[in-house]
Amino acid sequence: MLTTAWVALSPLAFLLGYVAARAPWRRPARSGERGGGDDATSATYMTLHAAALAAPALRAGLDRDSARGAVHHLRALLGTRGVAITSAEAALAWDGPCTDDVLAYARVTVAAGSAQVFPGEPHGAVVVPLTVDGAVVGTLAAYHDAVSAALVRAVVELGRWVSGQLELAELDALRRRAVEAEIRALRAQISPHFVYNALTTIASFVRTNPKRARELLLDFADFSRYALRRAHDFTTLADELTCVDRYLLLERARFGDKLRFSMQVAPEVLPVPVPFLCLQPLVENAIKHGMRGRGGGGEVRVVVRDAGPEAHISVEDDGAGMDPECARRMLDDDPSREGSGIGLANVDLRMRQIYGDAYGLVVETALGEGTKVRLRVPKRRFS
């Protein structure tokens, strides 16, 4: 990531100097004036502004729409007669006059893997490769009246910057695919023991209390529909808490009065977006550990508070607790190696990936003192 960021930013330093050198408003300083200060400031603004306008389109990857969204701003950066963007097989977008040879130029550049200069009338062309992860995915072509060494260097540096933005787009796509894969894995990891126990509990009520069996079956259907649905990265806190409520009702039917639970929720945080299936695993863990060591019974408490820009959530049990070092190992473990159920490590990893390391799970526990798991969720949506 640091390497990609450097590739994305360092070419702008050269372009700042290039834009300042070719700025059409440059004039000799008059007697008594401080030469160049305003010109340099204007050139800096022009470069950064054009780069900022081009970057969002490029961060979507290399296709016709992103090329069309960026090409005008790239031409503004270079100040050339024309600029074209191609993939390895097709011309995607252009701004200003470009020749019919743009695709032929692109193929030569892709094959060479390095910048190429093509003389021509009325405009010559400088064509540079665009790369992602070392592979050439397209080209950037600049057309101008005269092709100077400074222009060649500027197009090369701009090509490096564009490649850096495309690298970042690929990283974004990889992150999205990883989150989607994790959600699919979450569905697969819904504890088979819970499914078996829930269905067995429902079956036990079929003859003795058919109405109760029907209610539990509907609760199980609601839980399954939510947990196995085709979901996006996020859901609302209200939907996540509904899933937790159904889960707790099914577990309460299994354990009876041995399991006590309470939910305290600030209504204003119900619309807050949260990662899909981030709370149910914590409640499952609380029941799993909370029912140990207290005569076979225990209490689970879920508290959701409004904390200004964040929602603060805690899931607490009054069970046997654990050694803090054991809790640390649980969070450090590979999520794929955890036992039945989704597990704390999976939720902790997803929270850190989405919001940053400061938003990982916090586990407070000690032997004989129960366990509390806390997490914080920013109220603004993360894409």
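## Close-ups of a predicted model

**Figure 1. The whole chain, held together by plenty of long-range contacts.** Among contacts in the chain with a separation of 6 or more, 65% link residues 24 or more positions apart. Keep in mind that this is a predicted model. Counting up the secondary structure gives 11 helices and 12 strands. Of the 383 residues in the chain, 44% are buried. The chain exposes about 19100 Å², and carbon and sulfur atoms supply 54% of that area.

**Figure 2. An open sheet of 5 strands, with antiparallel pairing.** Reading across the sheet, the strands come in the order 2-1-5-4-3. At the edges sit strand 2 (91-95) and strand 3 (116-118), each of which pairs on one side only. Neighbouring strands here are turned by 20° against each other on average, if you ignore direction.

**Figure 3. Strand 1 meets strand 2, with helix 3 packed on the sheet.** Strand 1 covers residues 82-87 and runs antiparallel to strand 2, with 4 bridges joining the pair. If you want a landmark, look for Val 83, which stands opposite Asp 95 in strand 2. Helix 3 (residues 64-78) packs on this sheet and touches strand 1, strand 2 and strand 5 (135-144). The direction of helix 3 makes about 35° with that of strand 2.

**Figure 4. Asp 348, an acidic side chain tucked into helix 11 and buried.** Helix 11 takes in residues 344-355, and Asp 348 is part of it. Asp 348 has a relative accessible area of 5%, so it falls under the 20% cut-off and counts as buried. What does its side chain find for a polar partner? A polar atom of the Asp 348 side chain lies 2.8 Å from the backbone nitrogen of Leu 361. Setting aside residues up to four places away in sequence, Asp 348 touches Leu 331, Gly 360 and Leu 361.

**Figure 5. Val 373, a buried residue in strand 12.** Strand 12 spans residues 371-378, and this is where you'll find Val 373. Val 373 counts as buried because its relative accessibility is 3%, which is under 20%. Take away the neighbours within four places in sequence, and Val 373 is still in contact with Leu 282, Ile 313, Ser 314, Val 315, Leu 361, Val 362 and Val 363. One of these, Val 362, is 11 residues from Val 373 in sequence, and the C-alpha atoms of the two are 5.7 Å apart. Leu 361 turns up again here: besides contacting Val 373, Leu 361 is also touched by Asp 348 from the previous view.

How values were computed. Residues are numbered from 1 along each chain as its sequence is written. This is a predicted model: local features need pLDDT of at least 70, side-chain atom pairs count only at pLDDT 80 or more; totals for chains, interfaces and linings use all residues. Side-chain values use heavy atoms; hydrogens and water are left out. Helices (H or I, at least four residues) and strands (E, at least two) are DSSP runs, numbered from the N terminus. Buried means under 20% relative accessible area, exposed over 50%, partly exposed in between (1.4 Å probe, protein chains only). A polar contact is a pair of N or O atoms within 3.5 Å; within protein, one must be able to donate a hydrogen and the other to accept it, and residues adjacent in sequence count only if both atoms are side-chain atoms. Contact means heavy atoms within 4.5 Å. Two strands pair if DSSP finds at least two bridges between them. Axes are lines fitted to C-alpha atoms, for helices over the stretch in contact, and angles run from 0 to 180 degrees between N-to-C directions. Accessible areas come from the Shrake-Rupley method with a 1.4 Å probe; for residues, only the protein chains shown count as cover.
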